[in-house]
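Q: Please take a close look at one chain of this model, starting with its fold and ending with how it pairs with its partner.
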Number of protein chains: 2
Amino acid sequence: MNTIKYPATKEWVKLVQRPIVEQDKLFALVNQIFAEIQKNGNKAVLKYSSFFDKTKTKNIEVDAKQIANSKRNIPKKLQTAIHIAKNNIEVFHATQQEKKQVVETTKGVKCWRENRAIEKVGIYIPGGSAPLFSTVLMLGVPAKLAGCKEIILCTPPAENGSINPAILFTANLVGITKIFVVGGIQAIGAMTFGTETIPRVDKIFGPGNQYVTIAKQVAQNFGVAIDLPAGPSEVLIIADDCAKPKFIAADLLSQAEHGNDSQVILLSNNEAIIEQTMLEINVQIKKLPRENIAEKVLKNSKAILLNSIDECVEFSNSYAPEHLIMAVKNYEKYIDNICNAGSVFLGNYSCESAGDYASGTNHTLPTNGYARNYSGVSLDSFIKKITFQELSKEGIKNIGTAIETMAEAEHLIAHKNAVTIRLNETI
Amino acid sequence: MNTIKYPATKEWVKLVQRPIVEQDKLFALVNQIFAEIQKNGNKAVLKYSSFFDKTKTKNIEVDAKQIANSKRNIPKKLQTAIHIAKNNIEVFHATQQEKKQVVETTKGVKCWRENRAIEKVGIYIPGGSAPLFSTVLMLGVPAKLAGCKEIILCTPPAENGSINPAILFTANLVGITKIFVVGGIQAIGAMTFGTETIPRVDKIFGPGNQYVTIAKQVAQNFGVAIDLPAGPSEVLIIADDCAKPKFIAADLLSQAEHGNDSQVILLSNNEAIIEQTMLEINVQIKKLPRENIAEKVLKNSKAILLNSIDECVEFSNSYAPEHLIMAVKNYEKYIDNICNAGSVFLGNYSCESAGDYASGTNHTLPTNGYARNYSGVSLDSFIKKITFQELSKEGIKNIGTAIETMAEAEHLIAHKNAVTIRLNETI
C-alpha cells in the first residue's frame with residue numbers, strides 16, 4: 001500500500017478517482033449476441049454457452065429432482081450457517097415493508113401509495129472459483145418477501161455442465177424453482193428477450209464479470225430494469241488509536257482477495273496505526289491462498305494520514321465507498337456526517353464479512369462512486385409504488401379552480417376542460 | 001379511435017405494444033456534444049445554445065433580481081393556484097418520509113437504514129409552447145423535502161433569451177436559486193460534466209424531447225443517475241355503465257393534446273359507453289386550440305370492448321399504463337388486482353389533470369410500459385438509503401461461525417480470517 005501523508009484538500013479529487021475501464025469493444029459483442037438470441041432463442045443461447053463455457057449440455061433447465069437432491073451434498077454445518085444468514089436477511093428486509101398511508105391533501109382529495117411486487121425478476125449468479133450462494137440469499141430473500149410471482153435464476157455451468165450444489169440448495173431454500181444453467185452475455189440476453197425455455201423478466205439482478213455488466217447495461221435499452229450499475233468491489237476503513245491493526249489488516253485483505261480490480265483504502269489520524277497495519281498485512285497475507293491477487297490489489301491501494309477523524313469522514317464522503325468501516329471510538333457521533341456510502345460497519349467487531357454474509361444487511365451495494373446517487377439492493381428494489389388518488393365531488397370543487405388556472409397558464413386547454421366539465425356537473 | 005371488439009387474449013401482446021422509436025442517430029450527436037462540453041465547458045454550451053436555441057445571450061445564469069421580480073408578472077390567481085398545488089404535493093410527499101428502524105437480527109447484531117439526500121440534483125424543464133412550471137413543483141418540492149444541498153434548474157431560453165416568468169416564480173417559491181438558461185443536449189451535458197458556471201450534479205430529473213431523453217441516457221455512462229427512462233405520455237381509461245362519456249372524452253382529449261406520440265386507450269365492458277364517448281370526442285375536440293395534435297393522436301388510439309371489468313384490469317396490467325383512470329362503480333374491489341400502473345385515478349371525479357397539477361401525487365411517472373418495473377418519482381428518488389450494522393463482541397460470537405463456514409464454502413479465506421481473528425480475541 002502507498003502511504004500518503006496529509007494531502008491538501010485540492011489533491012483529494014485525484015485520490016478519490018477510480019481507475020477507468022475501457023468497455024467500448026464489448027458493446028458490439030453484446031449487441032451481436034443479443035440480436036441472435038432475440039431471433040433464434042435457445043439455439044443462440046446454446047451456441048454461446050458452448051463457445052464461452054465449453055459446455056455441451058442441451059438441457060438448459062435444472063430439473064426439480066436435481067434441485068431437491070442438492071441438500072445431500074451440503075454439509076450440515078453449512079446448511080445451518082445458510083439458515084442463520086437467511087433468517088437475519090429476512091428479519092432486516094422485513095423491516096423495510098412500508099405501510100399504506102392515506103392522506104387527505106385537501107378536503108375530498110385522498111392520496112396514497114400501494115406497493116406491488118415486480119412480477120418477473122431474474123437473478124444472475126456468477127460461476128467460476130467462488131460459488132456465490134450468499135448472493136442467492138441476498139437477492140432471493142427480498143424477492144420472495146416482496147412477493148415477486150416469477151423468480152428465475154441463471155448461473156453458468158462448470159465444464160462438466162454442473163452447478164455448484166450450494167447454489168441449488170440455497171435457491172431451493174429461498175423458494176426459487178426455475179434455475180437455468182446459462183451464464184454470461186447469453187444468460188442476460190435470454191432473460192431480456194425470453195426464449196422457448198427461459199422466460200423474459202422485468203428486472204435483472206446480480207453481479208458478474210465485465211461481459212455480464214455490459215450485457216445488463218444493454219438490456220436496459222430493451223425495457224428491462226437492472227439492480228445497479230456495477231463496478232469493482234471496494235472498502236474504505238477509518239481507524240483511530242482504538243482500532244486494532246490486526247483486525248484492520250484482515251478487513252483490508254478480505255476486500256483485496258476479491259479480484260485484481262478491487263479497491264482498498266485506509267484513512268487514519270494516527271501514523272502508528274497505519275504502520276502497524278502494514279506490518280500486520282505482511283504477516284497475514286502470506287497465509288492466504290489468494291495471496292497473489294491480494295498483493296496486486298494492495299499495490300494500487302492507499303493508506304492516507306489525515307488530521308482528524310472528521311476529516312477522514314469528509315474524505316470518505318468524497319470517495320463514496322461501497323463499504324465503510326468505522327473502527328473509531330465514539331463512532332456514534334460521526335454517523336450523521338456520513339452521507340455517501342453503501343453500507344457502514346461500526347466498531348471493532350463489525351467486519352465487512354459480517355455484512356457480506358449474515359448480519360442481515362444486503363451485500364449488493366453501489367460501488368465505483370455510485371454511493372453518491374444510488375442505494376444498495378433492498379426490498380424496494382423488487383417493488384413498484386403506485387400512487388392512487390380519489391377525488392370526491394367536494395374534492396374537485398376544492399382544487400378544480402387551481403387546476404384550471406395552472407392548465408391554462410401551461411396552454412393545455414384540454415387538461416383544463418377535463419376539470420371544467422366536471423365542475424359544471426357538480427354545481 | 002379504432003374500436004376493437006372482444007379481442008382474444010393471444011392478440012393482447014400486439015395491442016399493448018408501443019410504437020418503436022428509432023434513436024440510433026441521436027446517440028452520435030449527443031456523444032459529440034458531450035465530448036465538447038467535457039473539454040471546453042461554457043464555450044461549448046454557448047455554441048450549442050446559439051445553434052439550437054438561436055440565442056445570443058452569454059449570461060447563462062439567471063440573476064437573483066430577475067428571479068425575485070418574476071412575481072410581478074404572475075397574476076394573483078395563478079399565484080394562489082401554484083400555492084395550493086405546492087401545499088398538496090408537500091403534504092403527500094411528506095408522508096413518504098421513512099423513520100429509522102433499528103432491528104436486532106441476532107442478539108448483539110443491530111442493523112438499520114439511514115436516509116441521506118442526494119447532494120446535488122439537476123432539474124430539467126423543457127421550453128417551447130407549454131411552460132411546464134408544474135414540473136418545477138413536482139421535482140423541486142420533493143428535492144427540498146429530501147434535503148438536497150444543491151438543486152439547480154436548467155431550461156431553454158425563448159428566442160429573445162428570456163425564461164417564462166411562471167417557471168422563475170415557481171422555482172423561487174420552491175427555493176431553487178440556481179437557474180440556468182440552457183436547454184437540450186447542452187444542458188444535460190453541462191450538468192453531467194460541470195462547466196465554469198453550471199455545477200456537475202449527481203442525478204438529473206425532468207422531461208424533455210428526444211434529444212434530452214437520449215442525452216439523459218448517455219449521461220448515465222458518466223456516473224450520473226437519472227429519474228426514469230422516458231417515453232411518450234399515455235392514459236388508459238376503464239369505464240363501465242356508471243362512467244360519464246363526457247368526462248371520459250375530456251380525459252382522453254387531455255392526454256391526446258400532449259403531443260403526436262401520446263397514447264390513449266379506452267377499455268369498457270359496455271359498447272354504448274364506447275359509442276357515446278366517440279360522439280362526445282367529436283363535439284369536444286372542435287373547441288380545442290390543439291385540435292390537430294389531438295386528432296392525430298386519436299387516429300392511432302384504441303377503444304377496446306372486453307367481457308368484464310376484471311378483464312379490463314387484466315388488459316391494463318399487460319399494458320402497464322402511465323395513467324390509469326378507473327371510471328367504474330365499486331372501484332375499491334379492483335384495487336388489489338391493479339399491479340402495473342404509474343398513477344391511478346379512482347371514480348368519476350378523479351381526472352388525470354388533478355394528478356398532473358394539484359392532487360398531491362407526482363406527475364413524473366413511468367411510461368412506455370415501464371410501469372412494469374419502475375415507480376414514479378417520489379421522495380425516495382432524491383434519497384439514498386445507507387445500511388448500518390453494529391456488532392458487539394456477543395454479536396460476532398453469535399454469527400461468527402456461520403460467516404466463517406459460508407466464506408470458506410465460497411473459497412474466500414481472507415473473509416473467513418477477518419472473523420476468526422476477532423473470535424480469537426473475544427474468547
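Among contacts in chain A between residues at least 6 apart in sequence, what percentage join residues at least 24 apart?

A: In this predicted model, 75% of the contacts in chain A between residues at least 6 apart in sequence join residues at least 24 apart, a contact being heavy atoms within 4.5 Å. Chain A has 16 helices and 14 strands, taken as DSSP runs of H or I over at least four residues and of E over at least two, and its C-alpha trace spans about 85 × 60 × 45 Å along the principal axes. Of its 427 residues, 62% count as buried, that is, under 20% relative accessible area with a 1.4 Å probe and protein chains only, while about 16,500 Å² of chain A is exposed, with carbon and sulfur atoms supplying 49% of that area.

Turning to the partner, chain A is superposed on chain B by a rotation of 180° with 0.0 Å of shift along its axis, at an RMSD of 0.0 Å; the two copies are therefore related as by a two-fold rotation axis. In chain A, A:Glu98 has the C-alpha nearest this axis, at 4.3 Å. The copies meet through the same surface, because 100% of the interface residues of chain A are also interface residues in chain B.

As for confidence, chain A averages a pLDDT (the predictor's per-residue confidence, from 0 to 100) of 94, with 99% of the residues scoring at least 70, and the predictor gives the complex an ipTM of 0.96 and a pTM of 0.96. Residues are numbered from 1 along each chain as its sequence is written, and chains are lettered from A in written order. Local features need pLDDT of at least 70, whereas totals for chains and interfaces use all residues.

Terms used: Predicted model: local features only at pLDDT ≥ 70, side-chain atom pairs only at ≥ 80, totals over all residues. Heavy atoms only, no water. Least-squares fit on C-alpha atoms with pLDDT ≥ 70 in both. Buried < 20%, exposed > 50% of the residue type's maximum accessible area, 1.4 Å probe, protein only. Areas by Shrake-Rupley, 256 points an atom, 1.4 Å probe, with all protein chains shown as cover.
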